[in-house]
Every structure is written in C-alpha cells, then in structure tokens.
Amino acid sequence: MIEMLVAQTLEPDEPDAAVRDILAQLDLDRGLRRNSACIVHCNNAFMESGVARAICERLPFPTAGINTFLSSSSGGITDSMLLTASVLTSDDCRFATGLSEPMSFDAAGPASRLYVETENLLDRRPSLGLVFAPFHGSLAIGETMVEALDEVSDGVPFFGTVAADYTTSLRSPKVIHNGETYGDRASMILIEGPVEPRFSVYPVSLARSIRQKAIITDARDNVIIQVNGMPALDFLESLGLCRDGQIQGVNSIPLSIDKEDGSDPVFRAIVSQTPEGGIVIGGKAPAGALLGIGAMDQEHILCGARRLSAQAGLSGGPLLIYSCLSRNIVLGFNYTIEADQLRAGLRRRLPYSFAYSTGEICPLPARGGRWRNAFHNMSLVAASV
C-alpha cells in the first residue's frame, strides 16, 4: 500500500521560508512510512532561486520531477508560481531513483541504461516506473524513451511526463533529480512491491477530426517534411492553418497519425516549424502514415476532467495526473479551469497531484488484463497508485 503526503508553497525566493512551509505541511514525524520518494512539480523560478534544491536537500528521501507552468494538488492551491511536493510513502513497497546520461543526440540508449541501473537497486522486478523526461525540439524523446523502456523492462508499466516550462513559448524545460536540475537528462522512480496501478487516458476525440486524410510522404524522426508530395507548410496553408509561412495555432492543432498497422491512431501536437518548411511534432512521424487534423474546445477538455474525477474516486489510491500544455492553451484566459474542475470533482476524497506537461507517458489496456506502454500528446492522463 502506498500513501501520499502533499505540501505546497508559493514562496519562490526565500529558501528557508519555503522549506519551513513544506516541512510543516508534510509533518514527516507522523505521516512517514518505512520507505519514501518524492515527486516535485514547480515553476522554473524555484529552480533559478535555489528554493527547489533547498527543499529537496532537506527531505530525507530521494526526489524527482519537472518544472511546469501550472500545477495543483489536494493541498488546495492552483497556481503558476507554485511548488508541490508529493511524497509517496509505504511500509511494504520500496523506491529506487536514477538519473540518465545526457539525451542531446539519443534517447533510447540512455533510457535503457537508466532502467537497468535503477532496477539493480531493487531486489525484484518493479511493479511500476515513474518517468520524468526532458524536452528536445528536434528529437521525439518521450516516444523513444517509452519504446526503449518497454523493451528493456519486458513490459513494466511506466507513467510520467515531459518537462513543461512555458510562457508564450517553450522556455527552459528541466528535470529534477535530488535537487539538481537538468535540461537534457531523464529521472526515474521505480516502485517494487504490492502495487496494482490503474491508468486512465482521455485523448482528443477521433470524432473531432476531419474525415479526409493525407499521406506523410517524407519525414525524419519527429519532423514532417512533405505531405501528399508537397512541403508540409504548404499543406497546412491549403487548409488555412498557415499564413505568410507561419503556422497559426502552434501547440493547439491536434494532428492524428495513423500508421495503418492495426494500432489506434495517435494525436500529436505541432511544436514548431523548421526553416526548410517542415513541421516539428511531439512524437514520431513515420513516412507512409495517414495524417488528419483534429480540434479541441473547452467543453471537450472539461468533459475529460469530469470523467477522470468520477472514475478516480472508485480506486481509493493516491492519484498522479498530467495534462498536455496544448489543452491549457486552448483554455485561453480560463487557464485554471481544468485544474479547478479536477479539484471540485475529487473534493479531497483522495490525495492527488496535477501538473501540465509537454508529453504524457501512460499505459493503455492490452489483452489479458495487461497494460501496453504508450506516449501521448494533447491528453489528460492519470495513474492511481
């Protein structure tokens, strides 16, 4: 059994004050079990000031996490200038943490070695892995990591997120490991013991995509170079989604990718564009796949939050929740409404931690009651531990 202790602070400038704030809320003398690890979500300001490092150094267990532009929890606060510490603690589960090598040019090798090195700290095969991945505009790190981790672990379920420091554009996404911050490394928490996690994914609806599909005729990793034999930007311009050579609505236009191999289509966000006229997306873009255009609106996003809240109450376990920054962009000036909907729906029935991401790692149901590891964009995902 795993319990979760949650603490929050709005103090990004004074390390001593922030540490006192977090420790007072956690009340570790009363609530801590035999084994623990902590997930940290925070605004980048907490990293720059040293507050995040100070808090992690004062906690008597390992920490991992990301910076994010907005988070909330059962602690009751939703804010962009916030640090949340979510302590997973248990008498019958063990936790092991690890940090990868740099992933500037490759993610598969470092991800595989990270898993092996971290698993070696445990006595048995883990029941669950929590992953905190860096963002890289020209590499499909999240999807590549999921594929590598699934293979090297022989199907251990993984849940997690890609760092999401965002203002009007992606700024400086970083991963946290024991108080230190990294722009090109992944952090991991492996959990060994009697855990039967449940996962939920609320993606963009296929019903909201246009019926006519195009074909990706040239691509490289996560860059779509040509669609239907024409430059990718020209294809978007033919649909009214590009003007004067600039994509309109970067990060908020869902692209569906159908590999036509029997798997379900996936949605990917447009991250940016290349000087040569390519489209950079949040996951792999294989040549030959069918490409579609989808849409999101506020009601669709809130519907997912309501469904998650209703179903999460049935599990009874601590809840970890991530939502894609694309969903937040669609909300516009109502940028806290998804987090507010979750808080209202959960009503302190169970401890939870919520943050925005630039990519969601969450398994999907597979045959025989098993889980299949998967990477998502533009989705709301949750894990009950």
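In this predicted model, A148 counts as buried because its relative accessibility is 8%, which falls below the limit of 20% that defines a buried residue. A148 lies in helix α6, and, when residues up to four places away in sequence are not counted, A148 touches A108, A111 and S112. With S112 the relation can also be given along the backbone: the two residues are 36 residues apart along the chain, yet their C-alpha atoms are separated by 5.9 Å.

Helix α6, which spans residues 141–153, is also one of the elements that give two or more residues to the lining of the largest pocket. The space in this pocket comes to about 670 Å³. It is lined by 30 residues, and those closest to its centre are D264, V266, L364, R372 and A374. The largest share of the lining, four residues, is supplied by α6, while the strands β19 (254–258), β20 (266–273), β26 (364–365) and β28 (375–376) are the other elements that give two or more residues. In chemical character the lining is mixed, with 14 nonpolar, six polar and 10 charged residues.

Away from the pocket lining, the nonpolar interior was examined. The largest nonpolar core holds 28 residues, of which L88, L130, F132, F159, I189 and I191 touch the most other members. Two or more residues of this core come from each of the strands β1 (3–9), β2 (35–42), β3 (63–67), β8 (128–133), β12 (187–192), β13 (198–202), β23 (319–324) and β29 (380–384), and β8 gives the largest share, three residues. The surroundings of L130 may serve as an illustration: beyond residues up to four places away in sequence, L130 touches I39, L88, F159, S187, M188, I189, I191 and L320. Apart from the largest core lies another, of 23 residues, among them A18, V19, A52 and A54.

The aromatic rings were considered last. A pair of aromatic rings is described by the distance of the centres and the angle of the planes. Six aromatic pairs were counted in the model, and one of them, formed by F354 and Y356, has its centres 5.1 Å apart and an angle of 80° between the planes. This pair is classed as edge-to-face because its angle is over 60 degrees. F354 counts as buried because its relative accessibility is 0%, and Y356 is likewise buried, with a relative accessible area of 0%. Elsewhere, ring pairs link F159, F199, Y322 and W371 into a cluster; F159 is also named among the residues of the largest nonpolar core that touch the most other members.

Key
Residues are numbered from 1 along each chain as its sequence is written. This is a predicted model: local features need pLDDT of at least 70, side-chain atom pairs count only at pLDDT 80 or more; totals for chains, interfaces and linings use all residues. Side-chain values use heavy atoms; hydrogens and water are left out. Rings of Phe, Tyr and Trp (its six-membered ring) pair if their centres lie within 6.5 Å; planes under 30 degrees apart count as stacked, over 60 as edge-to-face and the rest as tilted. Buried means under 20% relative accessible area, exposed over 50%, partly exposed in between (1.4 Å probe, protein chains only). On a 1 Å grid over the protein atoms alone, a cavity is a set of points where a 1.4 Å probe fits but cannot get out, and a pocket is an open set with protein on both sides within 12 Å along at least five of seven lines; lining residues have an atom within 4 Å of a point. Grid points are joined across faces, edges and corners, and a volume is the space filled by probe spheres set on the points. Ala, Val, Leu, Ile, Met, Phe, Trp, Tyr, Cys and Pro count as nonpolar, Asp, Glu, Lys and Arg as charged, and the others, Gly among them, as polar. A nonpolar core is a set of buried Ala, Val, Leu, Ile, Met, Phe, Trp, Tyr and Cys residues joined through side-chain atoms within 4.5 Å. Contact means heavy atoms within 4.5 Å.
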